[in-house]
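Thank you for making time this morning. I would like to walk through one structure for those who have not seen it before, so please have a look at it while I talk.

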Amino acid sequence: MKRGQRKPSKTDTEVSGSVSGSNVVVNHASRDAAASQQVSDGGGAGVSTPATTGTIEALPMFRDVPVSERQQLFLRKCYVCCFLFDFSDTLKSVKEKEIKRLNLVELVDYVQSGSSKITEANQLEMIKMISVNIFRCLPPGVHENTGAVSMEADEDEAYLEPSWPHLQLVYELLLRYIISTDTDTKVAKRFIDHSFVLKLLDMFNTEDPREREYLKTILHRIYGKFMVHRPFIRKAINNIFYQFIYETERNSGIAELLEILGSIINGFALPMKEEHKLFLVRALIPLHKPKAIAMYHQQLAYCIIQFVEKDYKLADTVINGLLKYWPITNCQKEVLFLGELEEVLEATQATEFQRCMVPLFRQLALCLNSPHFQVAERALFMWNNEHIVGLIAQNRTVILPIIFEALETNIQGHWNPAVHGLTSNIRKMFMEMDAQLFEECQRQYAEKQAHAEMAQDQRQQTWQRLEDSAVVHQIG
């Protein structure tokens with residue numbers, strides 16, 4: 001069932017006043033308030049208090065004023081765009097909403113064109129205006145409304161921000177400002193500071209996929225342009241992951257953050273810093289633990305593979321990490337793990353493979369015998385990979401004894417015909433690979449089965465003696 005219209009966020013307020021012309025400016029006290037009021041948050045740019053009252057009047061377009069007056073006009077347009085509207089009712093303030101939209105379009109075009117450099121004071125006011133618009137209280141998530149624990153992705157349930165016609169343009173303005181060649185990072189870093197970045201990261205929890213896409217692009221551009229912020233951004237993302245893994249297991253933006261990290265990891269220099277290896281062990285590998293892994297597994301697997309391809313010595317660390325968080329009762333999650341494991345093994349060298357092959361194939365043996373045919377089938381597909389088969393062939397004397405019983409069990413009684421057929425092919429492969437080893441494993445398996453039958457007979461005889469003894473006591 002689709003959810004109805006949500007209650008607007010706390011910052012959505014309706015502007016009151018009269019309108020004339022195609023653009024507007026805040027008049028008298030309202031303009032002064034929008035310009036001067038700030039909420040102190042430790043950031044260089046601060047956050048202006050959104051204007052909610054006052055009259056508004058006509059404001060010219062950039063092309064209609066001399067070049068010398070455009071900086072002042074830019075500032076006045078920023079003041080106007082600090083007004084926030086109630087989008088829960090589409091019939092309210094229609095003209096005012098359209099006027100703000102046109103002003104935002106003009107600001108985006110002005111920054112994008114680079115026709116004249118924006119003054120530092122105007123850059124500050126623009127970032128304040130952007131902060132007022134995008135940093136807001138997010139509405140409660142679907143799990144908070146329904147009490148649901150699962151965070152399975154559902155396109156029909158995705159919440160779309162009602163104020164997106166304005167919000168999109170504000171994000172576009174921020175993006176154009178960051179990527180502009182006219183933007184001096186030495187100046188801009190005073191406005192795009194740590195406080196601003198933290199608030200930007202908080203907005204990744206929005207359920208609107210369109211907003212998360214903009215946030216992903218903007219944060220990635222900030223990381224690329226502001227080198228001074230790079231360690232801070234990595235640490236802040238770490239903290240989001242820790243909170244997600246160990247506290248809430250609820251955050252809509254994990255996939256987008258991992259997508260950014262995939263690009264960052266790709267650019268890591270070699271030899272890899274210890275900080276980056278700790279990030280793999282403490283954040284990325286534990287991300288396999290939450291139930292909602294299906295939402296971000298593709299991006300997570302890409303990050304993991306990037307680490308292994310950068311430094312093949314990390315392969316056994318990754319494989320042991322996967323085994324640590326291996327699902328016990330969640331078969332769909334197990335299929336995801338098997339797919340990721342195959343990709344990791346494909347990038348694994350012989351030495352690292354030997355370090356983890358015993359626990360690895362003990363787990364694979366359990367997967368081969370899984371009653372869920374998709375799990376068993378996915379595990380058997382490992383033998384379709386030439387690199388993995390090569391590693392197995394080099395270490396067959398260790399691996400075959402571990403999985404031989406699982407293969408025989410499938411041959412004798414797995415319910416799924418496809419699993420039965422794949423198992424027969426692998427059994428034949430091992431037989432052709434090393435007939436002597438295969439016969440030895442077969443002999444050991446037969447002895448084990450004989451011992452098991454003998455133990456079963458002894459248990460039955462013991463129970464029979466106990467039953468006979470009980471009968472004798474009852475008669476006596």
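Let me begin with a question: over the ring of which residue does the charged end of Lys 97 sit? The ring is that of Phe 87, and the charged end of Lys 97 lies 4.5 Å from its centre. Please keep in mind throughout that this is a predicted model. A second arrangement of this kind involves Lys 77, whose charged end sits over the ring of Phe 62, at 5.3 Å from the ring centre.

Let me turn to the aromatic rings, of which the structure holds 17 pairs. One of these pairs is formed by Trp 164 and Tyr 171, and it is tilted, with 6.3 Å from centre to centre and 40° between the planes. Trp 164 has a relative accessibility of 8% and therefore counts as buried, and Tyr 171 counts as buried too, because its relative accessibility is 0%. Another pair is made by Trp 383 and Phe 430, this one edge-to-face, with the centres 6.5 Å apart and 70° between the planes. Trp 383 belongs to the loop between α17, residues 373-380, and α18, whereas Phe 430 belongs to helix α20, so the pair ties together parts that lie 47 residues apart in sequence. Both of these residues are buried, and ring pairs link them with Phe 353 and Phe 361 into a cluster.

Staying in this region, I would like to look at helix α18, which covers residues 386-394 and in which Ile 388, Val 389, Leu 391, Ile 392 and Ala 393 are buried. What covers these buried residues? The cover includes α15 (331-346), α16 (350-368), α19 (396-413) and α20 (417-433). At the N-terminal end of α18, Asn 385 acts as a cap, with a side-chain oxygen placed 3.0 Å from the backbone nitrogen of His 387.

Helix α20 also meets helix α21, residues 435-475, and their axes come within 5 Å and cross at roughly 120°. The two helices, α20 and α21, are therefore oblique to each other. On the α20 side the contact is made by Arg 427, Phe 430, Met 431 and Met 433, and on the α21 side by Ala 435, Phe 438 and Gln 442. Phe 430 thus appears in this contact as well as in the ring cluster I described a moment ago.

Next, some points about the backbone. As background, most residues other than glycine have a negative phi, and most peptide bonds are trans. Here, a cis peptide bond joins Leu 270 and Pro 271, with omega at about 0°, and Pro 271 lies in the loop between α11 (254-266) and α12 (274-284). Ser 93 has a positive phi, near 50°, and is located in the loop between α2 (70-80) and α3 (94-113). Glu 249 likewise has a positive phi, near 55°, and is placed in the loop between α10 (230-248) and α11. Are these two residues buried or partly exposed? Ser 93 is buried, with a relative accessible area of 11%, whereas Glu 249 is partly exposed, at 26%.

Finally, a glycine: Gly 321 is part of helix α14, residues 315-324, and is buried, with a relative accessible area of 8%. Its C-alpha atom is separated by 9.7 Å from that of Leu 284, a residue 37 places away along the chain.

Conventions. Residues are numbered from 1 along each chain as its sequence is written. This is a predicted model: local features need pLDDT of at least 70, side-chain atom pairs count only at pLDDT 80 or more; totals for chains, interfaces and linings use all residues. Side-chain values use heavy atoms; hydrogens and water are left out. Helices (H or I, at least four residues) and strands (E, at least two) are DSSP runs, numbered from the N terminus. Buried means under 20% relative accessible area, exposed over 50%, partly exposed in between (1.4 Å probe, protein chains only). Contact means heavy atoms within 4.5 Å. A polar contact is a pair of N or O atoms within 3.5 Å; within protein, one must be able to donate a hydrogen and the other to accept it, and residues adjacent in sequence count only if both atoms are side-chain atoms. Rings of Phe, Tyr and Trp (its six-membered ring) pair if their centres lie within 6.5 Å; planes under 30 degrees apart count as stacked, over 60 as edge-to-face and the rest as tilted. A charge sits over a ring if NZ of Lys or CZ of Arg is within 6 Å of the ring centre and within 35 degrees of the ring normal. Axes are lines fitted to C-alpha atoms, for helices over the stretch in contact, and angles run from 0 to 180 degrees between N-to-C directions. Angles under 35 degrees count as roughly parallel, over 145 as roughly antiparallel, 65 to 115 as roughly perpendicular and the rest as oblique.
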